Amino acid sequence: ILAVSKYHPPLVVIWNLKGQRIGSFGKEHEQEIITFSCSDDTQRVMTASVDGTVKVWTLPEGKLLIDHI
């Protein structure tokens, strides 16, 4: 399960089905994350921010793969 924080620093938080937090990423965005989408294989997630950037991350590690401005 993914959740997005509207606070600073911007975060995408990963939770398991038991409600346990298992990771987070997204601090590289300078402003609020406004949308995110998972790949069909659930191995990557894309985030877009008010700052005009789009980023692609690995799941569940949260490693930044692509940083597009």
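**Close-up 1. Thr47 and its bridge partners on either side.** In this predicted model, Thr47 is partnered with Lys55 of S6 through a bridge. Thr47 itself belongs to S5, and there Phe36 stands opposite it. Zoom out a little and you get the strands behind these pairs: S5 covers residues 44-49 and runs antiparallel to S4, residues 33-38, with 5 bridges joining the two. S5 also pairs with S6, residues 54-58, again in the antiparallel sense and over 5 bridges. As a general reminder, strands of a sheet pair through backbone hydrogen bonds, in either a parallel or an antiparallel way.

**Close-up 2. Two hairpins and their positive phi angles.** The hairpin of S4 and S5 has 5 residues between its strands, and Thr42 takes a positive phi near 55° there. S5 and S6 make a hairpin too, with 4 residues between them. In that turn, look for Gly52, whose phi is positive at about 90°.

**Close-up 3. The open sheet, strand by strand.** Here 4 strands line up in the order S4-S5-S6-S7, with antiparallel pairing, and the sheet is open. S4 and S7 (64-68) are the edge strands, each pairing on one side only. From one strand to the next, the twist averages 15°. At the S7 end, 4 bridges join S6 to S7, and these two strands run antiparallel. One spot to find is Val54, which stands opposite His68 in S7.

**Close-up 4. Phe25 and Trp57, ring to ring.** The aromatic pair count comes to 1. That pair is Phe25 with Trp57, tilted, at 5.0 Å centre to centre and with 40° between the planes. The two rings link distant parts of the chain: Phe25 sits in S3 (residues 21-25) and Trp57 in S6, 32 residues apart. Phe25 counts as buried because its relative accessibility is 4%, under the 20% cut-off. Trp57 is buried as well, with a relative accessible area of 0%.

**Close-up 5. Trp57 and the nonpolar core.** Which residues join Phe25 and Trp57 in the largest nonpolar core? They are Val12, Ile14, Ile33, Val45 and Leu59, for 7 residues in all. In general, nonpolar side chains of soluble globular proteins tend to be buried together. Leaving aside neighbours within four places in sequence, the contacts of Trp57 include Phe25 and Val45, along with Glu28, His29, Gln43, Arg44 and Lys63. Thr47, from the opening view, is another contact of Trp57, and so are Gly62, Leu64 and Leu65.

Conventions
Residues are numbered from 1 along each chain as its sequence is written. This is a predicted model: local features need pLDDT of at least 70, side-chain atom pairs count only at pLDDT 80 or more; totals for chains, interfaces and linings use all residues. Side-chain values use heavy atoms; hydrogens and water are left out. Two strands pair if DSSP finds at least two bridges between them. A nonpolar core is a set of buried Ala, Val, Leu, Ile, Met, Phe, Trp, Tyr and Cys residues joined through side-chain atoms within 4.5 Å. Buried means under 20% relative accessible area, exposed over 50%, partly exposed in between (1.4 Å probe, protein chains only). Contact means heavy atoms within 4.5 Å. Rings of Phe, Tyr and Trp (its six-membered ring) pair if their centres lie within 6.5 Å; planes under 30 degrees apart count as stacked, over 60 as edge-to-face and the rest as tilted. Axes are lines fitted to C-alpha atoms, for helices over the stretch in contact, and angles run from 0 to 180 degrees between N-to-C directions.
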